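Trainee: Got a minute? I'd like to go through this one with you.
Mentor: Sure, put it up and ask away.

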Amino acid sequence: MKYDVVVIGAGPAGSMTARDLARGGASVLLVEKRPEIGMPVRCGEATGIPGLALVDVVPWKRAVASETKGSYLYSPDGTRVELLADHVNGYVLERRIFDKQLAVEAAKAGAVVRVRTYATGIVKEEGRIVGVKLKHFNDEFEVRCSVVVGADGIEGKVGRWAGIDTRTSLPQMASNLQYEMAGIEMDNPDVMEFYFGNNVCPGGYVWVFPKGDGCANVGLGTRDRNQTPKEYLDRFISEHENLSRGSVVGVNAGGVPVAGPIDVSVKDNIVLVGDSARQIDPLTGGGIYNAMHCGRLAAETILKSIETGDFSASALMEYETRWKAEIGQGLLRSLRVKEALEKMTDDDLNHVARLMTNMSLGGLDVKELTTAMLELPPDMLEFIQSLM
Ligand code: FAD
């Protein structure tokens, strides 16, 4: 068996890469180790609509649980910052359906999709990557290709097999835990809620993402090791009557690296995309859009390589240069804001919330703005301004 490209992992990164490669005329094999694409879900499922349009994805109706019009940010003393849009600008997805949709789009474009197919290694000849080793049920076999795309997520091994350093140390991993809850009430079911505070979720936040019909994803991510994420989440829910009246109908957990992107995402005949290249935002934990965006960029570069027959690292480097230019700076800024957030006391958080409320009401005078600029780390101020 021989393909131009074998893509390992059918998450948003892999399916998007496979879809765009197939649309460009490449022969593509997309393999997924799980028996069902999109399951189990390990995600808050929130994403922005403008981003989806940029990667030419219109989610199926049943892949959208709810539409959102902005966010409420709550500081420890309960100050609420309202960041509202006058139109729908986000979705809370059903990832188990959305991820399947992306794989279906890849298949419709001509990619061969194989589930329950585990990549167990890469094949090298004279030091050069020439294919992958796969296992489907009990069948073990090799597939040859010109490029291997590692879209195998946070725990991915493809990069390491190829000699790319993808390690994240334990202290650089945030532990995320999320409950899918039913029978709850929200102040405004069109709005995502974020709760900050050192007793709520040190260095991170609790999110409540509405899924319609009295359901929501309620979760958090933290690097704090004094208490478990479960202790923080259970306490938060018990302190919010609108949530504590509800039931947990699903639990998912996973690590999110907060160390920023990896240094190198390409080598001869290999490209890493999505979480496997740590393209996930270290501040928000958002990775769906970045994975798709970078999948698209990877496909564009690989298609050029197919045309020229040059699959060397220097040819594939165009992908890395582009993704670092387009999202790399944002990831590094998020990293710095995350580090600043981790150092903030509850008083600092309350202060920032009040400043943001004043800014959003247009009531911040020059003196207050100057004070804010002196008091807040520049990255934090820039980040806040980008939200307003
Ligand atoms: P994945 O979606 O992880 O896909 C990788 C795929 O590769 C998997 O299907 C896996 O089974 C497969 N695979 C792995 N190894 C192999 C192998 N050897 N052979 C074959 N297949 C393999 N992002 C957002 O944008 N919004 C959110 O609200 C949000 N909330 C989150 C909440 C939590 C609790 C967590 C943990 C993450 C959250 N994220 C969120 C991040 C988001 O889920 C990821 O960034 C996104 O899924 C990355 O897509 P990906 O395709 O790179 O990886």
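Mentor: One cut-off before we start: buried means under 20% relative accessible area, exposed means over 50%, and partly exposed is in between. Also keep in mind that this is a predicted model.

Trainee: Okay. Is Val-104 buried, exposed or partly exposed, and what is its relative accessible area?
Mentor: Partly exposed, because its relative accessible area is 30%, which falls between the 20% and 50% limits. Val-104 lies in helix H3, residues 95–109.

Trainee: How far is Val-104 from Arg-19, in sequence and in space?
Mentor: They are 85 residues apart in sequence. In space it's 8.8 Å, C-alpha to C-alpha.

Trainee: Let's switch to Arg-19. Which helix is it in?
Mentor: Arg-19 is in H1, which covers residues 12–23.

Trainee: Buried or exposed?
Mentor: Buried: Arg-19 has 1% relative accessibility.

Trainee: What polar partners does its side chain have?
Mentor: The side chain of Asp-20 makes a polar contact with that of Arg-19 at 2.9 Å. A polar atom of the Arg-19 side chain also lies 2.9 Å from the backbone oxygen of Val-55.

Trainee: And which residues does Arg-19 touch, leaving out those up to four places away in sequence?
Mentor: Val-55, Asp-56 and Val-57 are among them. So are Glu-105, Ala-106, Ala-109 and Arg-296.

Trainee: Arg-296 is in H7, right? How do H1 and H7 pack?
Mentor: Yes, Arg-296 is on the H7 side of that contact. The angle is about 35°, and the axes are 7 Å apart. The crossing is right-handed.

Trainee: Which residues meet there?
Mentor: From H1, they include Met-16, Arg-19 and Asp-20. From H7, they include Met-292, Arg-296 and Ile-302. The contact divides into 11 nonpolar, two polar and three charged residues.

Trainee: New topic. What are the angle and axis distance for H7 and H8?
Mentor: About 160°, with the axes 8 Å apart. That makes H7 roughly antiparallel to H8, because angles over 145 degrees count that way.

Trainee: What's the handedness of that crossing?
Mentor: H7 passes H8 in a right-handed crossing.

Trainee: Which side chains should I look at there?
Mentor: On H7, the contact includes His-293, Leu-297 and Lys-304. On H8, Tyr-319, Arg-322 and Trp-323 are among the residues involved.

Trainee: How does that contact divide by residue type?
Mentor: Into 10 nonpolar, four polar and five charged residues.

How values were computed
Residues numbered from 1 in each chain as written. Predicted model: local features only at pLDDT ≥ 70, side-chain atom pairs only at ≥ 80, totals over all residues. Heavy atoms only, no water. Helix = DSSP H or I, 4+ residues; strand = E, 2+ residues; numbered from the N terminus. Buried < 20%, exposed > 50% of the residue type's maximum accessible area, 1.4 Å probe, protein only. Polar contact = N/O pair within 3.5 Å; in protein donor to acceptor, adjacent residues only side chain to side chain. Contact = heavy atoms within 4.5 Å. Axes fitted to C-alpha atoms, helices over the stretch in contact; angles between N-to-C directions. Parallel < 35°, antiparallel > 145°, perpendicular 65-115°, else oblique. Left-handed = near helix turned anticlockwise from the far one by under 90°. Nonpolar A, V, L, I, M, F, W, Y, C, P; charged D, E, K, R; others polar.
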